[in-house]
Amino acid sequence: MRLDKFLCEMNKGSRSQVKDHIRQGFVTVNGAVIKTPEQKIKEDSDLVTFRGEPLTFQKFVYYMLNKPQGVVSATKDNTARTVLELLPEEKRTGLFPVGRLDKDTEGLLLITNDGQLAHRLLSPKKHVDKVYLVGIKKALTVEEADRLRQGVDIGEKKLTAPAKVEILEELQIALTIHEGQFHQVKRMFKAVGNEVLTLKRIRFGRLQLDEKLSPGQSRELTEEEVELLHES
Ligand code: URA
């Protein structure tokens, strides 16, 4: 594997950041400072250090699931089917969903064993955008759409952060938010006197749901998609 890719996979920064780190001499391979990002290493046996800290290779895996309705975003549940049960059995060990979608919500769910990346993507400070397609009960007025854009009271300490609201059809809205309060989208529409009838997440950070996946189907992310996530 290339040295810069290895460092990215070990969560030491985006591809361009790790290239800079390497060029600045922060990285050694088997005791020698290496300043060429394209240097090939044997990730299982070479000893790589970053700023003096040895890095042990752990293979991270990343799946995109088009979550269907009726399954829960958990690793275990006593009654309902979980999102993990939708992945092939031999691939499930150590994996967990990044955040939650409600049982009746569909769409993009990331499943991984990369705890650090998951933590970053879910951190409220990172403001990672999520885009939802929202089917609503009645048409939004201009005033209601503006209230959603500016922030509404959903019973938390603060109003919701500014959101992007696009009216796609009379009863179909694309909503972009970066917060992730419990039932947030449903509570936002309730706050303006409406009701969410269907909910589907189509984007998470810079990662877009692959529309070729029907509900219940999953696939591994491509290398480019993993990089996009690291940059999200
Ligand atoms: N907001 C909701 O209300 N439900 C979800 O599943 C995700 C966001």
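Me: What makes the pair formed by a polar side-chain atom of Thr105 and an oxygen atom of the ligand a polar contact?
Reply: In this predicted model, a polar side-chain atom of Thr105 lies 2.8 Å from an oxygen atom of the ligand, and a polar contact is a pair of N or O atoms within 3.5 Å, so the pair qualifies. The model is predicted, with local features needing pLDDT of at least 70 and side-chain atom pairs counting only at pLDDT 80 or more, while totals for chains, interfaces and linings use all residues. Residues are numbered from 1 along each chain as its sequence is written, and side-chain values use heavy atoms, with hydrogens and water left out.

Me: Which polar backbone atom is 3.1 Å from an oxygen atom of the ligand?
Reply: That atom belongs to Lys186, and a polar backbone atom of Gln184 is 3.5 Å from an oxygen atom of the ligand. The protein covers 95% of the 240 Å² of accessible area that the ligand has on its own (Shrake-Rupley method, 1.4 Å probe).

Me: Which helix gives the largest share of the shell around the ligand?
Reply: Helix 5 (residues 184-191; a DSSP run of H or I with at least four residues) contributes three residues to that shell.

Me: Why is Thr82 called buried?
Reply: Thr82 has a relative accessible area of 0%, and buried means under 20% (1.4 Å probe, protein chains only), so Thr82 is buried. Thr82 lies in the loop between strand 5 (62-67) and strand 6 (96-97), strands being DSSP runs of E with at least two residues.

Key: Buried means under 20% relative accessible area, exposed over 50%, partly exposed in between (1.4 Å probe, protein chains only). A polar contact is a pair of N or O atoms within 3.5 Å; within protein, one must be able to donate a hydrogen and the other to accept it, and residues adjacent in sequence count only if both atoms are side-chain atoms.
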